[in-house]
Amino acid sequence: MALLSKKDANLILDPLADNNPITIQVLGICSALAITAELKASVVMAISVLFVLGVGNVVISLLRNIIPSKIRIIVQLIVVATLVIVVDQVLKAFAYELSKTLAVFVGLIITNCIIMGRFEAFALGNGPWKSFLDGIGNALGYGVILIIVGFFRELLGSGTLFGIPVLGDPIAKTGLYATGYENNGFMIIPPAALIVVGIIIWVQRSRNKALIEEA
Amino acid sequence: MGLKEKLHTFRVKNQDKKWFPVFSGFHTFLFTPNEITHHGTHVKGADDLKRTMNTVVMSLIPCLIFGMFNTGYQHYLALGEIDAVTGGFFGSGFWTWDNFILGFWKILPLVLVSYIVGLAVEFVFCVIKGHEIEEGYLVTGMLVPLIVPVDLPLWMLAVAVVFGVVIGKEVFGGTGMNILNPALTIRAFLFFAYPTWMSGDKVWVHGAVDSAGAADAISGETVLGFLAQGNTTDLAQKYDLADMFFGFIPGSVGETSTLLILLGGLFLVFSKIASWRIMLSAVIGSLTMGLIFNGIVAAEWIPEYSKFYSLMSFEYWQHLLVGGLAFGIVFMATDPVTGSQTNRGKWIYGFLIGFMSVMIRVFNPGYPEGVFLAILLMNVFAPTIDHYVVRGNIKRRMKRLKNATIYPKVSGEVEALKTETV
């Protein structure tokens, strides 16, 4: 009993690995570098993009036959902006602390290349159901990388996960810190995210040689 | 059949084995394989990669030995157990057995960890990629212990070496392909990952970290750290110029003695391993920047209460005596892989390294030593510099060609002649 046809399932599964928006298309890097120092922020960012891209793709797909192609970018921007404002307001209302951590980056979802890319490349030419699946798939592919990067950066950089200390107390020197271990300050700064993303790309391509482009 | 022949037979038999690069690495370290080239003519030179690397390591040995003595000397001096050295470079109180033993047991583990971890990474990559073991790590492994503080925890060094060798070198394709100097990548990683162990006034003298907060706490500031805190007038009371030149000052293990670095540099220049152009232009660059800062102070454009005042008023040529500037210029900037390749490019590259090192020193008290950042930055720019030097050369020759009058022997050969002359 397949819930989705094989073609539809590929719309979701492809962007998770072999056509990942971050590691293969190298889109949306800016936010991946900026907000992944904490796992919590990564998860919230992933959910926000999931909402914006899922809903946005459906809206654009529904409107695709009535949008004049000359002004389609403006229409797309209006749709994203509306959705982003919804996300921003929800965060401010229910998770104020977190919305302060994410700061300007929620607003900058508008400029996330993945969203405009999917609108242009997929939603404008496909039906609402397919566009919805495509949006969910790409947002999940983006979110998976964000969470992997956030996991390593928070664990190695601060010794916590979701803000909960997992390696012991660095000040009282308990747990792993009793052995002389120290948090790696390098992982907190954005260049570390670039290197972690680079390592993920490296691992992915050495496991799947088909992804390596011709030099 | 002697051992030598046996090894060669073994070599031929096992050429396609997974572990062959490891065997080959050890084998060629001691013997030359009796293989000959199969076709074509080759230029034969005695100075292969191994010889080059060994020469650099040799020039680093005096700095290492001095570092061992200095570690003990700074420790006992800070504890107040011995008096400051008097009477020149071979003065009493420095070259003592006690100093050496303490330094030896502190520095040997750094050297061992650096070599064992670095070579292990190198071996793993050679086996995975199936190529010969490259000797690139021989120099990096020697440089790393010399540019870290003596009390650095060994596991931090190990983590940094893995990072530096993998991200700084192997991802680009191994020795000779790297963009950044691996030793400096390791230092930069340590600096940003564990800043409390890499800067400040507690890490440069052995024992200072452990004693921090206690009644008999000892402090070990570097000269630059001392200046960055705004102490201008009493520097002369603390260290005199001879101390700075001979290296009787706190600092990273091998970088303190400008005299020995100078000797090592001369050795490298005369053995034609390192480029004198880079060294000379880097010295000129740092002097230029120092003179500019001294000029600003002399012109009274900057008030005395400014936080840059003390470092700006630091005598321009004394910048070469303190911190890692001399060490960086001689042993790091001259790295033939990451530096500029063209002669004109070397002048520009070296000059900017010296220029920026002093600039970072003065303008960024957060990083009292800027030479490693300056060299890494210029490493990134070295290919660009070379590109424009080569382009400029082509342009000049094109111009010369355009102005030249070419008399063809046969009228139909004009085009062919042109391309040949360019």
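User: What is the hand of the crossing where helix 3 of chain A passes helix 7 of chain A?

Analyst: In this predicted model, helix 3 of chain A passes helix 7 of chain A in a right-handed crossing. The term applies because the near helix is turned clockwise from the far one by less than a right angle.

User: What makes helix 3 of chain A roughly parallel to helix 7 of chain A?

Analyst: Helix 3 (residues 39-63) and helix 7 (residues 113-121) of chain A pack at an angle of about 25°, and their axes are 10 Å apart. Angles under 35 degrees count as roughly parallel, so helix 3 of chain A is roughly parallel to helix 7 of chain A.

User: Which residues of helix 3 of chain A and helix 7 of chain A meet, and how do they divide by class?

Analyst: From helix 3 of chain A come Val52(A), Leu53(A), Gly56(A), Asn57(A) and Ile60(A), and they meet Ile114(A), Ile115(A), Arg118(A) and Phe119(A) of helix 7 of chain A. By class, this contact has six nonpolar, two polar and one charged residues. Gly counts as polar here, so Gly56(A) belongs to the polar class.

User: How is chain A built as a whole?

Analyst: Chain A has nine helices and two strands. Along the sequence the pattern is α-α-α-α-α-α-α-α-β-β-α. The C-alpha trace of chain A spans about 65 × 45 × 40 Å along its principal axes.

User: How do you know which parts of chain A are called "transmembrane region"?

Analyst: The name comes from the record: the UniProt annotation, in an unreviewed entry, covers residues 43-63, 75-95, 101-119, 131-152 and 185-203 of chain A. In the model, residues 43-63 of chain A are 100% helix and 0% strand, with end C-alpha atoms 30 Å apart. Residues 101-119 of chain A are 68% helix and 0% strand, and there the end C-alpha atoms lie 28 Å apart.

User: Why are helix 6 of chain B and helix 7 of chain B called oblique to each other?

Analyst: The axes of helix 6 (residues 154-168) and helix 7 of chain B come within 8 Å and cross at roughly 130°. That angle is neither under 35 degrees, nor over 145, nor within 65 to 115. Helix 6 of chain B and helix 7 of chain B are therefore oblique to each other. Their crossing is right-handed. Residues of the contact include Phe163(B) and Gly164(B) of helix 6 of chain B and Ile186(B) and Phe189(B) of helix 7 of chain B. By class, the residues of this contact divide into ten nonpolar, three polar and no charged.

User: What makes helix 13 of chain B roughly antiparallel to helix 15 of chain B?

Analyst: Helix 13 (residues 276-298) and helix 15 (residues 325-332) of chain B pack at about 155°, with axes 9 Å apart. Angles over 145 degrees count as roughly antiparallel, so helix 13 of chain B is roughly antiparallel to helix 15 of chain B. The crossing of these two helices is right-handed. Met279(B), Ala282(B), Val283(B) and Ser286(B) of helix 13 of chain B make the contact with Leu325(B), Ile329(B) and Val330(B) of helix 15 of chain B. The contact has six nonpolar, one polar and no charged residues.

User: How is chain B divided into domains, and how many residues of each take part in the contact?

Analyst: The domain assignment gives domain 1 (17-31 + 50-264) and domain 2 (274-422) of chain B. Domain 1 of chain B contributes 31 residues to the contact, and domain 2 of chain B contributes 28. On the side of domain 1 of chain B that touches domain 2 of chain B, helix 9 of chain B gives the most, with five residues. The residues of that side are 15 nonpolar, 14 polar and two charged.

User: Which classes of residue form the side of chain B that touches chain A?

Analyst: Eight residues of chain B are in contact with eight residues of chain A. Helix 7 (residues 182-193) of chain B gives the most to the side of chain B that touches chain A, with three residues. By class, that side has eight nonpolar, no polar and no charged residues.

Technical notes: Residues are numbered from 1 along each chain as its sequence is written. Chains are lettered from A and ligands numbered from 1 in the order in which they are written. This is a predicted model: local features need pLDDT of at least 70, side-chain atom pairs count only at pLDDT 80 or more; totals for chains, interfaces and linings use all residues. Two residues are in contact if their C-beta atoms, placed from the backbone, lie within 7 Å. Helices (H or I, at least four residues) and strands (E, at least two) are DSSP runs, numbered from the N terminus. Axes are lines fitted to C-alpha atoms, for helices over the stretch in contact, and angles run from 0 to 180 degrees between N-to-C directions. UniProt positions are given in the numbering used here, feature names are shortened, and annotations may be inferred rather than shown by experiment. Domain bounds come from an automatic or database domain assignment.
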